[in-house]
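Let's take a friendly walk through a protein model, one piece at a time. Keep the picture beside you and follow along.

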Amino acid sequence: MKVLVFLVVGFAACAEAQGIVTLQTRPDVTQSFFIAGMGEHQPAAAALLFIGGGGNIRLRMEDGQPKFGAQNFLPRSRGEFIRNGILPVILDNPTDQQAGDGMSDAFRESSPHVTDIRAVRAELERRYPGLPVFIVGTSRSTLSAAHVARSLPGELKGAVLTSSLFYSGSGQRARQVLAAYRWDEIKMPLLFVHHQDDGCGATPYREAARLAARYPLITVRGGKPPESAPCEPLSNHGYFGKEPETVDALTAWMLGKPFPKEIQ
C-alpha cells in the first residue's frame, strides 16, 4: 500500500499551493518531488521535470521553506513554465539513488524507475484530476524521459527531450545512448529541443537534426556568454540566456499551439 508523507508549504487545493511531496513507491524506497506554486495562473498541463547529470537536486526543507539545487536549465526556468500555464513538478532522486553519482544510465532504463514515476503521475491525477501530464528531460535525464515515455504510453501526454544525451563519453570510446535508441517503440508525441551550438560532446546537434525528419525539432541559437563548462547548465547546453524563448516554444507545443521551430 502506498504511504504518503507530505512536507508542504501552504498546501491547499488551489493554484497557489506549492510544496514537497514524498511518496513510498517501493519497499523501503521513497520518491520526493516539488510542486511549484502557480500563483494566479491556472495550469493547463503539468510537466515532470528531470535535471541532467545524476539527477539529485537535494530536495529538502530548511527554515520552513523548500530548498533544492536550481541551477539546471529546467528548475531555474520554472517561472517560465508557470507563465505559460504549465505546472512545474521537479523530481529528486528516489532514496535508493541518492548516494554517489546518483542515477546511473541502467537505473534510468529500469522498471523501478518507471514504478516511481508512475506513482508520481498517479498522485498528480489525485490532486489535479484530468490534467495532462508531460515528461521533460534535459541532457542525461533525456534517457529517463525516453524510457518512461516508452513505458507509460497511456499515462503521459507526451515527452520533451532537450539537449539529448546521444552519446556517453567522447572520442573513439564514446558509447551510443540515444543515438541508437528505438524511437519507434515510443507511442506518444515527442518533441526535441537542441541548441545548434551545444558544445557538449555527448549531445551533438547533428543527431537532433537527423531526427527532425521524423519528429518536431526546436533549434535554438544565441544566448549569453557561457559561465560554465560546455556540458554544464550555464552554457548553450542549458540554453543560457535563451530560457524564456525556449520554454515559450516547447510549452506551446505541449498545449497544441503554433510554435517556432527556430529561436534566434
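Here is a short tour that goes from one strand to its partners and then to a single serine.

Keep in mind that this is a predicted model. Start by finding strand β8, which covers residues 133-138. Six of its six residues are buried, so the strand is largely enclosed by the rest of the structure. Now look at where the residues of β8 point. Val133, Ile135 and Gly137 face one way, while Phe134, Val136 and Thr138 face the other way. This is a pattern worth learning: in a regular strand the side chains alternate between the two faces of the sheet. In β8, the residues pointing either way are all buried.

Next, meet the partners of β8. Strand β4, residues 45-50, runs parallel to β8 and is joined to it by five bridges. In this pairing, phenylalanine 50 stands opposite glycine 137 of β8. Strand β9 is also parallel to β8, again with five bridges between them. Here threonine 138 stands opposite threonine 162 of β9. How do β8 and β9 fit together with helix α5? Together with the helix, which spans residues 142-151, the two strands make a right-handed β-α-β unit.

Finally, follow β9 to its end at residue 162, and you arrive at serine 163, in the loop between β9 and β10. Is serine 163 buried or exposed? Its relative accessible area is 0%, and because buried means under 20%, serine 163 counts as buried. Leaving aside neighbours within four places in sequence, serine 163 is in contact with several residues, including Thr138, His194, Asp198 and His237. Thr138 takes you back to β8, where it is one of the buried residues.

Key: Residues numbered from 1 in each chain as written. Predicted model: local features only at pLDDT ≥ 70, side-chain atom pairs only at ≥ 80, totals over all residues. Heavy atoms only, no water. Helix = DSSP H or I, 4+ residues; strand = E, 2+ residues; numbered from the N terminus. Buried < 20%, exposed > 50% of the residue type's maximum accessible area, 1.4 Å probe, protein only. Contact = heavy atoms within 4.5 Å. Pairing = 2+ DSSP bridges. Right-handed = clockwise from strand over helix to strand, strands pointing away.
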